[in-house]
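Have a look at the chain below, and keep an eye on its sheet and its empty spaces. A short tour follows.

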Amino acid sequence: MRKMKAAIVGCGVISDVYMQSFRDNFSVMEIAACADLDEKKRNELAERYQIKPMEYDDILRDDSIEMIINLTSPKAHYSLSRQAILSGKHVYSEKMMAVNYEDGKELCRLAAEHHVRFGAAPDTFLGGGIQTARHAVSHGLVGNVLSGVLSLTRDYGVFGENLPHLFQNGGSVLYDMGGYYLTAVCSILGSVKRVSAFGTRTEESHKVTRIDSPFFEKEIALEEENVITAILEFENKALITLHLNSGTIINESYHLELYGDKGILRMGDPNTFCGEVVLEKAQNKPVTLPFTHGFQKQSRGLGAAEMAWSILAERPHRASMEMALHVLEIIHGIFSSVKSGEIYQMETGFELPEPLPEGFIGEGFWAAKEESALL
């Protein structure tokens, strides 16, 4: 069986999650090397998974490596992905593809010009939860989707004291978590037409009080709004309310709900692959729908593996650059509307990716294995 030879760039915490998932779930991926500016992290990851530690420039010169898995910090995504595309490599990027919409457009243009594939996280929309929700919507269980609510609350004042990029452009709650919610709903409903938003910052700067933090007693500026409300008008006329608040208490709350003329659909956490899907019909008690799809467990890298199978089969991949760019533009549009007080008109669109084939649940010796859904 032909495999896709790839290299990991960025050896932080998420690289372990990807490596374990590639090893356990996706036979198509052959991770051959890794790179990081921090030699200690790079060498530790290489030793742990028996891959080759390399300089990034050497990876780009290695013709045997076909794909780059870009797991660096958000602000580094653009420059490293750009180098890889110009070197003729396929690229799969962690969220978001860039922190600047114009940079995202350039990456997509370059990928098309150089005839390489470009995909981006989040790929949780390919998990059992969101795929089951899409199956329910596409089979008319809620009728026409009229409206919906996407909501998340967190306390980045706590998280950010160890991860200060959460206070910075490209790392705030809209980029860090909003992408999961926006990708989930776009993968079900399609493209957004217009955006109107309000936002505020709960503080201008944050003083780190966590004693064991390397940033103890430092003042870190909030570079973006951390409380956001927005209305998204979809091309299909659905009106979706987005609410994100990373200035409240640490107890996380989330809602992902769609309201149709024949039913209501409630989904689980889009930051996971296994969120339960609950359907409520008129005059009935809510029922939890059985999963129609696999990938219900930790499956980070699913988007990259599906892209690898798609390259081999010469078909479009599902975690497409077009959908990722559209989500990035929604974020750009929200911040533009917050600043201008005007409605933002979207300019990008995308074709809904094909749903994964149902039934590949992957439990037990005789079960239909999950990866077979990617063929």
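This report covers the sheet, the helices packed on it, and the pockets and cavities.

## The sheet

Please keep in mind that this is a predicted model. Its open sheet has nine strands, running in the order β16-β15-β14-β13-β7-β12-β11-β8-β17, with mixed pairing. The edges are held by β16 (287-288) and β17 (344-345); each has a single partner strand, so one side of each has no neighbour in the sheet.

Strands β7 (residues 145-153) and β12 (residues 239-245) are parallel partners, joined over seven bridges. Within this pairing, Gly148 has Ile240 of β12 as its bridge partner.

## Helices on the sheet

Helix α6 (residues 128-138) packs on the sheet, where it touches β7, β13 (253-260) and β14 (264-266). The direction of α6 makes about 175° with that of β14.

Helix α11 (residues 321-340) also packs on the sheet, and its contacts are β8 (192-200), β11 (227-234), β12 and β17. Here the angle between the directions of α11 and β8 is about 50°.

## Two pockets

The largest pocket holds about 1300 Å³ of space. It is lined by 41 residues, and those closest to its centre are Val13, Ile14, Leu71, Thr72 and His165. Two or more lining residues come from each of α1 (13-25), α2 (39-49), α4 (74-86), α7 (156-159) and α8 (173-176). By class, this lining has 20 nonpolar, 10 polar and 11 charged residues.

The second largest pocket has a volume of about 410 Å³. Its lining counts 19 residues, with Pro316, His317, Arg318, Ser320 and Glu322 nearest the centre. Helices α5 (101-113) and α11 each give two or more residues to this lining, which divides into nine nonpolar, three polar and seven charged residues.

## Closed cavities

How many cavities of 30 Å³ or more are there? The count comes to three. The largest cavity has about 70 Å³ of space, and α11 gives the most to its lining, with three residues. Residues lining the largest cavity include Met96, Phe125, Thr183, Ser320 and Met323. Which classes make up this lining? Nine residues are nonpolar, two are polar and none is charged.

The second largest cavity contains about 40 Å³ of space. Among the residues that line it are Gly129, Ile130, Met267, Asp269, Phe273 and Cys274. This lining has six nonpolar residues, four polar and one charged.

Technical notes: Residues are numbered from 1 along each chain as its sequence is written. This is a predicted model: local features need pLDDT of at least 70, side-chain atom pairs count only at pLDDT 80 or more; totals for chains, interfaces and linings use all residues. Side-chain values use heavy atoms; hydrogens and water are left out. Two strands pair if DSSP finds at least two bridges between them. Helices (H or I, at least four residues) and strands (E, at least two) are DSSP runs, numbered from the N terminus. Contact means heavy atoms within 4.5 Å. Axes are lines fitted to C-alpha atoms, for helices over the stretch in contact, and angles run from 0 to 180 degrees between N-to-C directions. On a 1 Å grid over the protein atoms alone, a cavity is a set of points where a 1.4 Å probe fits but cannot get out, and a pocket is an open set with protein on both sides within 12 Å along at least five of seven lines; lining residues have an atom within 4 Å of a point. Grid points are joined across faces, edges and corners, and a volume is the space filled by probe spheres set on the points. Ala, Val, Leu, Ile, Met, Phe, Trp, Tyr, Cys and Pro count as nonpolar, Asp, Glu, Lys and Arg as charged, and the others, Gly among them, as polar.
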